[in-house]
Amino acid sequence: MLNANGAAPYQTRRTFAIISHPDAGKTTLTEKLLLSGGAIRAAGQVRARGERRRARSDWMKIEQERGISVSSSVMTFERNGIIYNLLDTPGHEDFSEDTYRTLTAVDAAIMVIDAAKGIETQTRKLFEVCRLRDIPIITFVNKIDREGRHALEILDEVQEALALDVSPMTWPVGMGSDFFGVYDPKNKKFHTSGGERGGPFAVTRTVEGLEDPALTDGVFDRIMEELTENVELGAEGYAAFDKESFLEGHLTPVFFGSALRDYGIEEVLDFIAQYAPPPHSQPATGGRTIAPGEDKVTGFVFKVQANMDPKHRDRIAFVRLCSGTFKRGMKLKHVRAGKSIAVSAPIFFFAEEREIAETAFPGDVIGVPNHGQLRVGDTLTEGENIHVTGLPAFAPEILRRVRLSDTMRVKQMRQGLQDLAEEGLVQIFKPDIGSNWIVGVVGVLQLDVVVDRLKAEYGTEIGFEAVNLSTARWIETDNQTLQKMIENHRMSIANDRDDRPVFLFKNAWEVGYITDKYPDVTFRETREIV
Ligand code: GDP
């Protein structure tokens, strides 16, 4: 199937995420991108929608109380013939595992940084994940309507902190109280307010160059001098934009803007349309690479979300399509279970509402309602026995023993924990000795969510006890060595939810000691979810 320009539908897909440190402006930028794509009618709806959704869901009270966004979702919008799939990621670092997995489902990312704060810890971590996966990054320097660092200083910081070539695409014309707009030398455009200094973006003027009155009129001389200097130094001091370098993840184009005042939004969307990659090929087991142009459908689950109605155990699995043309009602093979499932009510996520998806293409994300069969990392195919690879589970940094107040509810507790583990919210470890499960998380807020959800959805009250354990590693070795280890360290061995053996370590010293003692064993910090 080709469109009017002779392109396959997947070539019009741009699937991306926004990474940032909390407060840099991700929500505001998301809102403005959707608005610009015509997906929502008034700014504020991203939040409003979030609030409605939260009101319906008990366990998300934690979100409400603490004002953080825990669950991620998908927002699809169309603009000038391009379909943008924006995958939202939780901002709070305690839920970063979710973010890491979402990043396996995107082809590009926008990195938002605050012009006054530069690169912050969470930005850097998320950037590293993108780098590992060679995800091309577009940098958006936000809040230039406020006092920030000098433009060149920010460019240098990105370049040095991330060891990445930077290529300024636009320049701020003043900042803070002397903010006049954004200058785009390549397209010869000046984006400015309707009149008052510092006002929201209203007009785009075509300008011949830095001397054009269309630019200079009304702008303070010293701001023009600074801009001229920036543009000149920028041309000498930084890499010229190069598409290949960008796609390989070696160079980031930098846009200056203000999400709040609408500067830089259209530039970024136009850039994504023109340069960001369409869906990439996906690695799979057996050395197979799944190309988006293949006929048969493949997809993988990168996130599972419990239904908003806590009384029902329905779940939505978010499936990123990698190849083929998906049609509603299709029977797909759920490779891990070896069963076929009919996808009869797939969901598309438009910004304002959800719709039944009739057809979807590589790069698109569909929501597949299910009763818990589908879990993070699962692959769906039209029959082929392969697993998409590359979805990581991380060694937990916080371990706790589960304490149950009502011992009659062991079954419910185990079911609940197993379900939440399959959603990817926690990891569970079943010790070789003793019946009390250990849960592992990366951030403590995950524990609060577990307690809340077990109570709301499984009617079971649990608590957590501290244990003298600091981390877990997956054990990879032959059976004989494993048996020997179990004999020698029975107290420290447990099985994860898939019955894979793990070693629970008391401290970093023990990790070193045991690793030295068993040179034939690999202790993994991450494992592939298959
Ligand atoms: P998030 O935590 O990254 O999602 O950040 P938000 O989008 O919620 O923004 C954090 C705060 O910064 C909010 O008070 C926003 O109104 C404000 N903000 C976001 N973008 C801008 C901007 O471009 N200029 C200014 N002055 N404030 C902004």
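# A guided walk through a predicted model

Visitor: Which loop does Lys143 lie in?
Guide: Helices (H or I, at least four residues) and strands (E, at least two) are DSSP runs, numbered from the N terminus. With those labels, Lys143 sits in the loop between strand 5 and helix 6 (151-162).

Visitor: Where does the numbering start, and what pLDDT do local features need?
Guide: Residues are counted from 1 along each chain, as its sequence is written. This is a predicted model, in which totals for chains, interfaces and linings use all residues, side-chain atom pairs count only at pLDDT 80 or more, and local features need pLDDT of at least 70.

Visitor: Is Lys143 buried or exposed?
Guide: A residue is buried if 20 or more other C-beta atoms lie within 10 Å of its own, exposed if 12 or fewer, and partly exposed in between, with C-beta atoms placed from the backbone. Lys143 has 25 C-beta neighbours inside 10 Å, so it counts as buried.

Visitor: What is the phi of Lys143?
Guide: Most residues other than glycine have a negative phi. Lys143 is not a glycine, yet its phi is positive, at about 65 degrees.

Visitor: Is Asp134 buried or exposed?
Guide: Asp134 also has a positive phi without being a glycine, at about 55 degrees. Its place is in the loop between helix 5 and strand 5 (137-142). It has 11 other C-beta atoms within 10 Å, so Asp134 is exposed.

Visitor: How far apart are the end C-alpha atoms of helix 5?
Guide: The expected span of a helix is 1.5 Å times one less than its number of residues. For the 12 residues of helix 5 (residues 121-132) that gives 16 Å, and this agrees with the distance between its end C-alpha atoms, 17 Å.

Visitor: Are the buried residues of helix 5 on the same side or on opposite sides?
Guide: The buried residues are Thr123, Leu126, Phe127 and Cys130. They cover an arc of only 110 degrees (the arc of the directions from the helix axis to the C-beta atoms). That is why they end up on the same side.

Visitor: Which exposed residues does helix 5 carry on the face turned away from its buried side?
Guide: Just flip the helix over in your head, away from its buried side. The exposed residues on that face of helix 5 are Thr121 and Glu128.

Visitor: How many residues of helix 1 are buried?
Guide: The buried ones include Lys26, Thr27, Leu29 and Thr30. Helix 1 is mostly covered: of its 11 residues, the buried number is 9.

Visitor: Which residues come nearest to the ligand?
Guide: A residue counts as near if its C-beta atom, placed from the backbone, lies within 6 Å of the molecule. The largest share of the shell, 3 residues, comes from helix 1 (residues 26-36). Of the 17 residues around the ligand, the nearest are Gly25, Lys26, Thr27, Thr28 and Leu260.

Visitor: How many charged residues are in the shell around the ligand?
Guide: Ala, Val, Leu, Ile, Met, Phe, Trp, Tyr, Cys and Pro count as nonpolar, Asp, Glu, Lys and Arg as charged, and the others, Gly among them, as polar. The shell has 4 nonpolar and 7 polar residues, and its charged residues number 6.

Visitor: What is the average twist in the sheet of 7 strands?
Guide: Two strands pair if DSSP finds at least two bridges between them, and here 7 strands form an open sheet in the order 2-3-1-4-5-11-6 with mixed pairing. Strand 2 and strand 6 (165-168) stand at the edges with a single partner strand each, so one side of each has no neighbour in the sheet. Axes are lines fitted to C-alpha atoms (for helices over the stretch in contact), and angles run from 0 to 180 degrees between N-to-C directions. From one strand to the next, the twist averages 30 degrees.

Visitor: Which residue is the bridge partner of Glu78 in strand 3?
Guide: Strand 2 (residues 74-79) and strand 3 (residues 82-87) pair in the antiparallel sense over 6 bridges. In their hairpin, with 2 residues between the strands, Asn80 takes a positive phi near 45 degrees. The partner of Glu78 is Ile83.

Visitor: Which residue in strand 11 stands opposite Ser167?
Guide: Strand 6 and strand 11 (residues 251-256) pair in the parallel sense over 4 bridges. Opposite Ser167 stands Pro253.
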